[in-house]
Amino acid sequence: MPRSLSPLSIPYRAFQRGGGIAVFLAFVLSGGVTIPGVGPAGPLIVLGIGLLAVAALVGYEIAYVRRFSYELATETLDIDSGVLSRRNREIPLRRIQNVDISRNVVQRLLGIALVSFETAGGGETEAQLKFVTFEEAKRLQRELARLKREAAAEEATADGEEETRAVTAEPESTELFALDRSELAILGALSVDLRVPGILFLLVSTIGSTVISTYLEAVPGVALALAAGVLVVVVALVSWLVGAAAAIIEYYDFRLVRSGDELQYERGLLQRYDGSIPFDKIQTLTIADNPLKRHFGYATLYIETAGYAPGSSGGSRGSEAAIPLAKRDHVLELVEELEPVGEVDFERPPRLARRRYLVRYLLVVGVLTGITYGAETLFPLPFPPWLPLLLAPLAVLFAHATWRNRGHWLGEHHVVTRNGVLRRETKIVPYYRIQTVIDSRNVFQRRLGLATVTIDTAGSLSLGGQDAAAVDVSGARADELREGLETRLEDAVDAYRAGRAGIGSEDEPGASDGDEADDSTGDWERRGEET
């Protein structure tokens, strides 16, 4: 039976769309508008036009809500909408990947929610219900999961009626992770928004070179150096405060639950998200950390899905934090539960690559030194122009860290890569999820006989060039990797189609008997890290 939107969506939608009109009317009533030639009646005329606009907007929203209907049928989601022109849509349930629920503070007070129906392979939301009651949103979430289980049961008729009843039964829920207040505080303390320095630089650059040069000439060198130091501290502090606030707001009261063949999550302070991550849509698992997290033994686990980012309106982010912050051992335990990788022994790039990194970073130091010498010819500097040369030892250390943190490993059922220093990412990709294997060699790599092998998947992060990659391996090793990955991909796809592989399956290839998987979770990430 077709259902309608919540009646409370009428005032909320009208307020959303009519916020500008309300501000304008308040400005009129305050006497901020005068119309030449109409005398004191001008504000009243404008006010009358504004009230007519408000009445028309409210009338439109009433008509929209009354003419909007939806029905979750056995095989399709049917949506009829439109006031002036009607639009009828039938979305096959097999295409719907997730029902994502979001509620801001006002919506939670009104008891309504925005429901987004996401499909794999799409960069935008397939359909939205603005707005239904929160209870109705949860019902749609449960019903969609039930209908998809029934469809899966019908396809598995070869296993008999008992297997069908097992598939369609309501799955049990098990809490995998919950972010408590202390961990939330640690997450905020270890979060830094690196966009702040760039934004502040753009703001400062709008002042103009004339003002800056005049200030440099007027202020003594010592005071200028002190001001520069204070500015660096302020920028770092603001970056940390913004990053901490964003992390706390986004991951407040985070919970991750396993229910049948999907992960369900809840999170958010100002904007509350409630959704799921289907196992069969997972493409890549990513363990991310930074120097601070590594020092204190913490990490973040991201799950990349097929063309959809849970919890984002529009699906543009491409991955979801399955664990925003936890001890590394806890993260590895969940990795083993989702994808039993076992013990990993990373193979680093050849030492020739480390020399390449050293030359690259020393060139950066040289360019900075040249810029300071050039700047000194235009205006006096508060520091000697050779000061950037002091970064040379840091360049040496960073080159070694870049080489040390890179590696790749081919397992029986997965390929694992690791890259990055300030943001290190370890990516786990099942062979049957690989879309393309790309062997690339730029002009500098060709001179040293190096290459990069990129493992492309269907995840939306792949569109941004953030795939798993074995970077700066030797040319011969790149050929071996490409041929080996293509062969293993064919074997894994055959096994997956035969039903012997699947993310989240207890009898998945690579899962160990007894306690073997548990014994490996604390060691596989640390293998290959010794200098």
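Select Leu394 to begin: at 52% relative accessibility, this residue counts as exposed. Keep in mind throughout the tour that you are looking at a predicted model. Leu394 sits in helix α14.

**A nonpolar patch on the surface**

Now add the companions of Leu394 to your selection. Val364, Val367, Leu368, Ile371, Leu391, Leu394 and Leu397 together make a nonpolar surface patch of about 640 Å². Two elements give two or more residues each to this patch: α13 (351–376) and α14 (392–404). Of the contributors, α13 gives the most, with four residues.

**The whole chain**

Zoom out for a moment. The chain holds 17 helices and 19 strands. Of its 531 residues, 45% are buried. The exposed area comes to about 27800 Å², with carbon and sulfur atoms supplying 59% of it. If you look at contacts with a separation of 6 or more, 61% of them are between residues 24 or more positions apart.

**A negative patch**

Next, select Glu483, Glu486, Glu490, Asp491 and Asp494, which form a negative surface patch. Pick out Asp491 and you will be in helix α16 (residues 475–497). How exposed is Asp491? Its relative accessible area is 48%, so Asp491 is partly exposed; the exposed class starts over 50%.

**Into helix α1**

Move to Ser9, in helix α1 (residues 9–17). With a relative accessible area of 0%, Ser9 is buried. Which residues does Ser9 touch, leaving aside its neighbours within four places in sequence? They are Val65, Lys130 and Phe131.

Two of those names deserve a closer look. Show the backbone from Lys130 to Phe131: the peptide bond there is cis, with omega near 10°. Phe131 belongs to strand β6 (residues 127–133).

Stay with helix α1 and select Arg13 together with Glu61. Their side chains meet in a salt bridge, at 2.7 Å from N to O. This pair links distant parts of the chain, since Arg13 is in helix α1 and Glu61 is in helix α3 (residues 42–66), 48 residues apart. Are these two residues buried or exposed? Both Arg13 and Glu61 are buried.

**More salt bridges**

Side chains of opposite charge can pair when their charged atoms come close. A search of the whole structure finds 28 salt bridges, and here are further ones to visit.

Select Arg146 and Glu150, whose side chains meet at 2.6 Å, N to O. Where do they sit relative to each other? They are four residues apart in helix α5 (residues 134–155), so about one helical turn separates Arg146 from Glu150. Arg146 is partly exposed at 27% relative accessibility, and Glu150 is partly exposed at 27%.

Then go to Glu266 and Arg255, where the salt bridge is 3.9 Å from N to O. Glu266 lies in strand β9 (residues 262–267) and Arg255 in strand β8 (residues 255–259), so this pair ties together parts that are 11 residues apart in sequence. Glu266 counts as partly exposed at 27% relative accessibility. Arg255 is partly exposed too, with a relative accessible area of 29%.

Widen the selection to Glu175, Asp253, Arg255, Glu266 and Arg272, and you have a network of linked salt bridges.

**Along strand β8**

Asp253, a member of that network, is found in the loop between α10 (221–251) and β8. Check its backbone: phi is near 55°, a positive value in a residue other than glycine. Asp253 is partly exposed, with a relative accessible area of 39%.

Continue to Arg258, which lies in strand β8. Arg258 is buried, with a relative accessible area of 15%. To try a distance in your viewer, pick the C-alpha atoms of Arg258 and Ile277: they are separated by 9.5 Å, while the residues are 19 apart along the chain.

**Last stop: Asp472**

Finish at Asp472 in strand β19 (residues 468–474). What is the phi of Asp472? This residue has a positive phi of about 60° although it is not a glycine. Asp472 is buried, with a relative accessible area of 1%.

Terms used:
Residues numbered from 1 in each chain as written. Predicted model: local features only at pLDDT ≥ 70, side-chain atom pairs only at ≥ 80, totals over all residues. Heavy atoms only, no water. Patch = residues over 30% accessible without salt bridge, like charges linked within 9 Å, V, L, I, M, F, W, Y side chains within 5 Å. Areas by Shrake-Rupley, 256 points an atom, 1.4 Å probe, with all protein chains shown as cover. Salt bridge = Lys/Arg side-chain N within 4 Å of Asp/Glu carboxyl O. Lys, Arg positive; Asp, Glu negative; His and termini not counted. Charge placed at Lys NZ, Arg CZ, Asp CG, Glu CD. Buried < 20%, exposed > 50% of the residue type's maximum accessible area, 1.4 Å probe, protein only. Contact = heavy atoms within 4.5 Å.
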